[in-house]
Amino acid sequence: MIETIGFLELNSIAKGIEAADAILKAAEVDLIFAKPSCPGKYHVLFTGEVAAVKASLDAGAAVGGAHVVDQCVIPRVHPQVIKAINLAAPPSERNAVGVMEFFSVTASIYGADAAVKAADVTLLDVRLGTGIGGKSFVILTGEVAAVSEAVRCGIQAENSQGMVVSSVVIPNPRQEIFDSLM
């Protein structure tokens, strides 16, 4: 099932918790996470039908007010994006690895969605801001050509531009690299 993602970033943990509550009370949505992140921000990520996500995001943004830093609604997000946000998935086989690093959490979500829709790759991890100074990154794997195309599309996604820190494609990483990613 393809769902819609809603994301709200606030610069206040207290207002973030209050906004998360408003999001869940406004419409029928499922919470992926609501937690503090670096540097002292609060992120709320949730899924549901488009109208429900939009209504919930509006409610959360209204509560957050001046503390809202960023927000987005991504309709028809690829299911791998949600899975990779929730838990890093070990690869079934060792292929090329692609990494896209961003200054913002929303840019990584847009980049991951664009990448996985552009080529036959598997998202291993979408890390959103916690413990890495508020930055985010996406790790994916597949055949070299597919990983190269996915990374190219991910860093060129409309909502990712200007937020890219760096990206790499590693054609034949050693097994220890895969082990360190999980």
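**Entry 1. Terms and ground rules**

I began with pairing: two strands pair if DSSP finds at least two bridges between them. I took helices (H or I, at least four residues) and strands (E, at least two) as DSSP runs, numbered from the N terminus. The model is predicted, so I noted that local features need pLDDT of at least 70, that side-chain atom pairs count only at pLDDT 80 or more, and that totals for chains, interfaces and linings use all residues. Residues are numbered from 1 along each chain as its sequence is written, and side-chain values use heavy atoms, with hydrogens and water left out.

**Entry 2. The chain as a whole**

I looked up the secondary structure and found six helices and eight strands in the chain. Read from the N terminus, the order of elements is β-α-β-β-α-β-α-β-α-β-β-α-β-α. The radius of gyration is 16 Å, close to the 16 Å that the globule rule gives for 182 residues, so the chain is as compact as a globular protein of that length. For this comparison the radius is taken over C-alpha atoms, and the rule is 2.2 Å times the number of residues to the power 0.38. I also noted that the C-alpha trace spans about 50 × 35 × 25 Å along its principal axes.

I then turned to burial, where buried means under 20% relative accessible area, exposed over 50%, and partly exposed in between (1.4 Å probe, protein chains only). Of the 182 residues, 47% count as buried. The accessible surface of the chain comes to about 8400 Å², and 54% of this surface belongs to carbon and sulfur atoms. These areas come from the Shrake-Rupley method with a 1.4 Å probe; for residues, only the protein chains shown count as cover.

For contacts I used heavy atoms within 4.5 Å. Among contacts between residues at least 6 apart in sequence, 75% join residues at least 24 apart.

**Entry 3. Strand β3 and its partners**

I asked which strands pair with β3. Strand β1 (residues 3-10) is joined to β3 by seven bridges, and the two run antiparallel. Strand β2 (residues 30-37) also pairs with β3 in the antiparallel sense, over seven bridges.

I looked up single bridge partners next. L8 is matched with V44 in β3, T4 is matched with G48 in β3, and L31 stands opposite F46 in β3. β2 and β3 form a hairpin with three residues between them, and G40 in the turn has a positive phi of about 75°.

Seven of the eight residues of β3 (residues 41-48) are buried, so this strand is largely enclosed by the rest of the structure.

I chose L45, which is found in β3, for a closer look. L45 is buried, with a relative accessible area of 0%. Leaving aside neighbours within four places in sequence, L45 is in contact with I5, G6, F7, L31, I32, F33, I85, I109 and L128. I also looked up L45 and I82, which are 37 residues apart in sequence and 9.8 Å apart in space, C-alpha to C-alpha.

**Entry 4. Strand β1 and strand β4**

I checked how covered β1 is and found that eight of its eight residues are buried. On one side the buried residues are E3, I5, F7 and E9, and on the other they are T4, G6, L8 and L10.

β1 is also joined to β4 by seven bridges, and these strands run antiparallel. In β4, the bridge partner of E3 is V77.

I examined R76, which lies in β4 (residues 68-77). R76 has a positive phi of about 55° although it is not a glycine. Is R76 buried or exposed? R76 is exposed, with a relative accessible area of 60%.

**Entry 5. Strands β5, β7 and β8**

I moved to β5 (residues 96-102), where five of the seven residues are buried. Seven bridges join β5 to β7 (residues 136-142), and the two strands run antiparallel. One of the matched pairs is A96 with G142 in β7.

β5 pairs with β8 as well, in the antiparallel sense over six bridges. Here E101 has S166 in β8 as its bridge partner.

My last lookup was I170, which is found in β8 (residues 164-170). I170 counts as partly exposed, at 34% relative accessibility. Not counting residues up to four places away in sequence, I170 touches A96 and V97. The C-alpha atoms of I170 and S92 are separated by 17 Å, and these residues are 78 apart along the chain.
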